[in-house]
Amino acid sequence: MSLIRRAFAATAVASLAVLSLTACGAGDSGSSASPSGSASADAAAFPVKVSNIYGETEIKEQPERVVSLSWVNGDTALALGVVPVAVPKVTWGMNANDSTDWADAKLEELGAGKGSEKAPTFYEEPSGDVNYDAIAAADPDVILAAYSGLTQEQYDKLRKIAPVVGPGKAAYSTPWEQSTEMIGEALGKKAEATKLIADTKAKLSETAAAHPELKDVSAIAANFEPATGGINVYTAGDNRSQILTALGMKLAPVVTENETKDAFFFNYSAEKADELDSKIIFTWFPEGQNKQTIEADKLLGRIPAVKNGGLVGTNDNQLLLSISAANPLSLNWGVDKIATLLSEGVAASSAK
């Protein structure tokens, strides 16, 4: 699957159709990272069992060496105060460190910034596959993959290396709340995870309250593929759609009427673009696209929100990543910026 399809299409991850959450190998900090367990973890919580779509994983002792798959899981561990010994290199929406601004800030806070002794190793995560060698080399006590597209076969292979916190839901559709809860349990930080979820929800509610103009406004999260004439629409289970609703908006009926089980997006023909009826359509603009190119497209320009000034988009990959690969760290970093963009779209739409 493509990277933007995991990060903004159709996941973790094409453009808003091509986001494969890949990551690069043998990281800047080397493999000398210190154990990642935190003294504040509840050792008495172990052994603990964490359920996932492939069964139940038992973690017998408090993990000291934590390795993550995909970008969400490592961020969530950091938000809980645990520095993984190895994380995937960010390859879409990354900053100059092949990381993200929110992860870097938290690493610095935890004394594990780039170049420090505690800094994690960044490893290569092949698109659609797992780097078993890099993960095994990190000598993990636990492997975090609560938010991932891990298959049964990949899960079974990883279990031979260490206990695996597998996906809470298939195909990069585990809600950030659930993945936070699962990772909190695995790390002996259940209480901290509960508080982290509550604090993050409070931040979303605070942002929604600051933007009452968004309340009950109909919206669709999507991305456009003019070259193929397609429109990828994100389902209610996708992070992008969930952030829209968390900010008080309502998903347009066309979203819930067309979604299918275990898929975070569906493709809608540009020939039927006029049926995508909503006040706002939220998207990501890849290189060569912008608001004007979509408005000028003979098919995409027929989308009601596009015609009426309600097209809201960004070409800031990191900003998009903050809500497509959503976790407590990224949401606190990006939600105010997203809400401002949506607010501007509502104002532009209402002005027409």
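This note comments, point by point, on a predicted model of a protein.

1. **Overall composition.** The protein contains 13 helices and 15 strands. Of its 352 residues, 57% count as buried. The accessible surface amounts to about 13600 Å², and carbon and sulfur atoms account for 49% of that area.

2. **Helix H2.** This helix spans residues 70–79 and is mostly covered, with 10 of its 10 residues buried. The buried residues of H2 include Ser-70, Trp-71 and Val-72 at one end and Leu-78 and Ala-79 at the other. Gly-81 follows H2 and has a positive phi, near 85°.

3. **Ser-70 within H2.** The backbone at Ser-70 deserves a separate remark. Most residues other than glycine have a negative phi. Ser-70 is not a glycine, yet its phi is positive, about 60°. Ser-70 is placed in helix H2. Its relative accessible area is 2%, so Ser-70 falls under the 20% limit and counts as buried.

4. **Asp-98.** A second residue other than glycine with a positive phi is Asp-98, where the value is near 55°. Asp-98 is located in the loop between S6 and H3, whereas Ser-70 is in helix H2. Is Asp-98 buried or partly exposed? Its relative accessibility is 22%, and buried means under 20%, so Asp-98 counts as partly exposed.

5. **The cis peptide bond.** Most peptide bonds are trans. Phe-46 and Pro-47, however, are joined by a cis peptide bond with omega about 0°. Pro-47 lies in the loop between strand S2 (23–24) and strand S3 (48–52).

6. **Strands S6 and S7.** Strand S6 (residues 86–88) and strand S7 run parallel and are joined by 3 bridges. Which residue of S7 is the bridge partner of Pro-88? The partner is Tyr-123. Strand S7 covers residues 121–125 and is mostly covered, since 4 of its 5 residues are buried.

7. **Salt bridges in helix H3.** The count of salt bridges in the model comes to 10. One of the pairs is Glu-109 with Lys-106, whose side chains meet at 2.9 Å, N to O. Both residues belong to helix H3 (residues 101–109) and are 3 residues apart, about one turn of the helix. An α-helix has 3.6 residues a turn, so residues three or four places apart point the same way. The two partners fall into separate accessibility classes: Glu-109 is exposed, with a relative accessible area of 59%, while Lys-106 counts as buried at 15% relative accessibility.

8. **Salt bridge in helix H5.** Asp-156 and Arg-159 form a salt bridge in which the closest N and O atoms are 3.8 Å apart. The cut-off for such a contact is 4 Å, so a separation of 3.8 Å is accepted for this pair. The two residues lie 3 residues apart in helix H5 (residues 152–159), a separation of about one helical turn. Asp-156 is partly exposed, with a relative accessible area of 32%.

9. **Salt bridge in helix H7.** In helix H7 (residues 190–209), Lys-195 and Asp-199 are 4 residues apart, about one turn of the helix. Their side chains meet in a salt bridge of 2.7 Å, N to O. Lys-195 is exposed, with a relative accessible area of 54%, and Asp-199 is partly exposed at 39%.

10. **Negative surface patch.** Which residues form the negative surface patch? They are Glu-61, Glu-64, Asp-139 and Asp-141. Glu-64 sits in the loop between strand S4 (55–59) and strand S5 (66–68). Patch residues must have over 30% relative accessible area, and Glu-64 meets this condition because its value is 46%, which makes it partly exposed.

11. **Ala-263.** This residue is in the loop between helix H9 (253–258) and strand S13 (265–269). At 25% relative accessibility, Ala-263 counts as partly exposed. The C-alpha atoms of Ala-263 and Asp-238 are separated by 8.7 Å, and the two residues are 25 residues apart along the chain.

Conventions: Residues are numbered from 1 along each chain as its sequence is written. This is a predicted model: local features need pLDDT of at least 70, side-chain atom pairs count only at pLDDT 80 or more; totals for chains, interfaces and linings use all residues. Side-chain values use heavy atoms; hydrogens and water are left out. Patches are made of residues with over 30% relative accessible area and no salt bridge: like charges are joined within 9 Å, nonpolar side chains (Val, Leu, Ile, Met, Phe, Trp, Tyr) within 5 Å. Accessible areas come from the Shrake-Rupley method with a 1.4 Å probe; for residues, only the protein chains shown count as cover. Lys and Arg count as positive and Asp and Glu as negative; His and the chain ends are not counted. The place of a charge is taken as NZ of Lys, CZ of Arg, CG of Asp or CD of Glu. Buried means under 20% relative accessible area, exposed over 50%, partly exposed in between (1.4 Å probe, protein chains only). Two strands pair if DSSP finds at least two bridges between them.
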